[in-house]
Amino acid sequence: MFRERSNKVGALEANFSAHLTKIKLLRQMDQDFDQICRDYEHLTALLNDQENRHVAAALQESLSGLGAEIRQYLRPEIGNNALKD
């Protein structure tokens, strides 16, 4: 079962501030989406602590891919994976 999420969204706030309500609902409804968001938050924290440029570049690339996945869930035309605005 899904864990109850706190009101704090973390790293997602800065990049998806216009969609926080939808993100919170999707995280409660979709375990895969919740995992993508947790991965995004985790990699953002790692990137903020990273001093090695090569590792930082790899983390940024992964974050870019996760961001694209999140945006796919937020698009209404995706169907069952998205909530209507």
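Which backbone nitrogen does a side-chain oxygen of Asp-30 reach at the start of H3? The nitrogen belongs to Asp-32, and the side-chain oxygen of Asp-30 comes to within 2.9 Å of it. This contact is read from a predicted model, and the confidence of that prediction is a suitable place to begin.

The mean pLDDT of the protein is 80, with 78% of its residues at 70 or more. Over residues 1–9 the pLDDT is below 50, and this stretch has 15 contacts in the model beyond near neighbours in sequence. Residues 78–85 likewise stay under 50, and the model gives them 14 contacts beyond four places in sequence. As for the helices, confidence is lowest in H1, with a mean of 87, and highest in H2, at 94.

Helix H3 comprises residues 31–49. Its 19 residues reach 27 Å from the first C-alpha to the last, close to the 27 Å expected at 1.5 Å a residue. The buried residues of H3 include the nonpolar Phe-33, Ile-36, Leu-43 and Leu-47, but also Asp-34, Glu-41 and Thr-44. The buried residues of this helix pack against H1, H2 and H4.

Helix H4 covers residues 53–74, and its 22 residues should span 32 Å at 1.5 Å a residue; the end C-alpha atoms lie 31 Å apart, which agrees. At its N-terminal end, Asn-52 acts as a cap, with a side-chain oxygen 2.8 Å from the backbone nitrogen of His-54. The buried residues of H4 are Ala-56, Leu-59, Leu-63, Leu-66, Gly-67, Ile-70, Tyr-73 and Leu-74. Because these residues cover an arc of only 110° around the axis, they lie on the same side of H4. The spacing has a general background: an α-helix has 3.6 residues a turn, so residues three or four places apart point the same way. On the face turned away from the buried side, H4 carries the exposed residues His-54 and Glu-61. The cover over the buried residues of H4 includes H1 (12–15), H2 (20–29) and H3.

These helices meet in the largest nonpolar core, which has 18 residues. H2, H3 and H4 each supply at least two residues of this core, and the largest share, 7 residues, comes from H4. The members that touch the most others are Leu-12, Phe-16, Ile-23, Phe-33, Tyr-40 and Ile-70. Ile-70 illustrates the packing: leaving aside residues up to four places away in sequence, Ile-70 touches Leu-12, Phe-16, Phe-33, Ile-36, Cys-37 and Tyr-40.

Terms used
Residues numbered from 1 in each chain as written. Heavy atoms only, no water. Helix = DSSP H or I, 4+ residues; strand = E, 2+ residues; numbered from the N terminus. Expected span 1.5 Å × (residues − 1). Buried < 20%, exposed > 50% of the residue type's maximum accessible area, 1.4 Å probe, protein only. Arc of directions from axis to C-beta. Contact = heavy atoms within 4.5 Å. Polar contact = N/O pair within 3.5 Å; in protein donor to acceptor, adjacent residues only side chain to side chain. pLDDT = per-residue confidence, 0-100. Core = buried A, V, L, I, M, F, W, Y, C linked by side-chain atoms within 4.5 Å.
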